[in-house]
Amino acid sequence: MAHFAIISQENIVETVVVISNEKILIDGKESEQAGVDYLQPKFPDKKIIQTSYNKKFRKNYAGIGYYYDEATDSFIPPKPYASWTLGDDAKWIPPQAYPTDGKRYIWFEPLRKWVET
């Protein structure tokens, strides 16, 4: 199965659709453009970009609300907290590493730290 993100004019993922691999074949080889051409009539005036469920390309599998960054050709999830920064791998990084003491923690943004649950 091939997965394609339907992107708004603001580069926000609106939905992800799945089509059969047969729809993206040209001369027996997979082609992103074939998938785009197949889907474009169903989603006029939208960007259509293939996404990888296994994260083989574009760093993250696209999800609703994700941002498509053309400069890095990657899907970026919504920022979880104001204090977190975006890493080179298109993943959000907290200002403190997650504790490794085996306990469970959640991020508490007002204190900008991990709090044991």
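1. The buried residues of helix α1 are covered by elements that include β1 (2-7), β2 (13-19), β3 (25-26) and β5 (47-51). This note concerns a predicted model, and this helix serves as its starting point. The helix comprises residues 32-39, and its buried positions are A34, G35, V36 and L39.

2. Strand β5, one of the elements that cover the buried residues of α1, is itself mostly covered. Of its five residues, four are buried. Residues with under 20% relative accessible area are counted as buried here.

3. Strand β5 also pairs with β1. The two strands run antiparallel and are joined by five bridges. Within this pairing, F4 has Q50 of β5 as its bridge partner. Both β1 and β5 are among the elements that cover the buried residues of α1.

4. As regards the overall architecture, the protein contains one helix and eleven strands. Read from the N terminus, the order of elements is β-β-β-β-α-β-β-β-β-β-β-β. The protein is more spread out than a compact globule, because its radius of gyration of 18 Å is well over the 13 Å that the globule rule gives for 117 residues. The C-alpha trace spans about 55 × 30 × 25 Å along the principal axes.

5. Two further values describe burial and contacts across the chain. Of the 117 residues in the protein, 36% are buried. When contacts between residues at least 6 apart in sequence are considered, 36% of them join residues at least 24 apart.

6. The hairpin formed by β10 and β11 merits separate comment. Strand β10 covers residues 105-108 and strand β11 residues 113-116; the two run antiparallel and are joined by four bridges. F108 stands opposite K113 in β11. Four residues lie between the two strands, and R112, in the turn, has a positive phi of about 50 degrees.

7. What supplies the exposed surface? The protein exposes about 7500 Å², and carbon and sulfur atoms supply 53% of this area. With respect to charge, the protein has 15 positive and 16 negative charges, and the mean positions of the two sets are 6 Å apart.

8. In summary, two regions of the predicted model have been described in detail. One is helix α1 with its buried residues A34, G35, V36 and L39, together with the antiparallel pair β1 and β5. The other is the hairpin of β10 and β11, with R112 in its turn.

How values were computed:
Residues are numbered from 1 along each chain as its sequence is written. This is a predicted model: local features need pLDDT of at least 70, side-chain atom pairs count only at pLDDT 80 or more; totals for chains, interfaces and linings use all residues. Side-chain values use heavy atoms; hydrogens and water are left out. Buried means under 20% relative accessible area, exposed over 50%, partly exposed in between (1.4 Å probe, protein chains only). Contact means heavy atoms within 4.5 Å. Two strands pair if DSSP finds at least two bridges between them. The radius of gyration is taken over C-alpha atoms; the globule rule is 2.2 Å times the number of residues to the power 0.38. Accessible areas come from the Shrake-Rupley method with a 1.4 Å probe; for residues, only the protein chains shown count as cover. Lys and Arg count as positive and Asp and Glu as negative; His and the chain ends are not counted. The place of a charge is taken as NZ of Lys, CZ of Arg, CG of Asp or CD of Glu.
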